[in-house]
Amino acid sequence: MSAGAVADESKNGDRDGGKKRSLGRRKQCKFCGDEALKIDYKDAGLLKYFITDRGKLVPRRLSGNCAKHQREIAVAVNRARMIALMPFAVTGS
């Protein structure tokens with residue numbers, strides 16, 4: 001290790017460039033927490049929370065779903081779109 005590297009490290013106090021990482025609480029999957037709540041393609045009211053205003057699926061890191069339930073939501077949304085309960089894309093602005 002060179003003397004320059006030691007000086008840089010002591011100046012900032014950490015190696016990540018001064019950026020602080022917040023370790024907040026992870027969201028819990030609402031379907032794992034409530035066993036009575038079921039994913040059904042006919043329930044468009046429940047599925048609309050997992051679709052953006054542009055018609056895209058909300059990713060897991062934002063919705064807080066586990067991988068298993070995120071896959072089930074994707075299948076349910078696609079089925080609801082096929083029978084015209086939900087739109088494929090939003091038209092207009």
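Reading from the N terminus, the elements of this chain go α-α-α-α-α. That makes five helices and zero strands. Keep in mind that this is a predicted model, with a mean pLDDT of 83 for the chain.

**How far to trust it**
- 77% of the residues in the chain reach a pLDDT of 70 or more.
- Confidence bottoms out in helix H1 (residues 3-12), where the mean is 57.
- At the other end of the scale sits H5, where confidence is highest, at 96.
- A word of caution for the weak spots: where pLDDT is low, the predicted coordinates shouldn't be read in detail.

**The chain as a whole**
- Of the 93 residues in the chain, 19% are buried.
- The accessible surface adds up to about 7600 Å², and carbon and sulfur atoms account for 52% of that.
- If you take contacts between residues at least 6 apart in sequence, 51% of them link residues at least 24 apart.

**The nonpolar core**
- The largest nonpolar core has 11 residues: Cys29, Phe31, Leu46, Leu47, Phe50, Ile51, Ile73, Ala76, Val77, Ala80 and Met86.
- Two helices, H3 (44-47) and H5, each put in at least two residues of this core.
- H5 is the top contributor to this core, with four residues.
- As a general background point, nonpolar side chains in soluble globular proteins tend to be buried together.
- Met86 belongs to this core, so who does Met86 touch, leaving out residues up to four places away in sequence? The list is Ala44, Leu47, Lys48, Ile51, Val77, Ala80 and Arg81.

**Just past H5**
- Helix H5 covers residues 67-82, and Ile83 lies in the segment after it.
- Is Ile83 buried, exposed or partly exposed? Ile83 counts as partly exposed, because its relative accessibility is 47% and the exposed class starts over 50%.
- Ile83 also helps build a nonpolar surface patch of about 450 Å², along with Met82, Leu85 and Phe88.
- Ala84 lies in the segment after H5 too, and its backbone has a quirk: a positive phi of about 65°, although Ala84 is not a glycine.
- With a relative accessible area of 66%, Ala84 is exposed.

Notes
Residues numbered from 1 in each chain as written. Predicted model: local features only at pLDDT ≥ 70, side-chain atom pairs only at ≥ 80, totals over all residues. Heavy atoms only, no water. Patch = residues over 30% accessible without salt bridge, like charges linked within 9 Å, V, L, I, M, F, W, Y side chains within 5 Å. Areas by Shrake-Rupley, 256 points an atom, 1.4 Å probe, with all protein chains shown as cover. Salt bridge = Lys/Arg side-chain N within 4 Å of Asp/Glu carboxyl O. Buried < 20%, exposed > 50% of the residue type's maximum accessible area, 1.4 Å probe, protein only. Core = buried A, V, L, I, M, F, W, Y, C linked by side-chain atoms within 4.5 Å. Contact = heavy atoms within 4.5 Å. pLDDT = per-residue confidence, 0-100.
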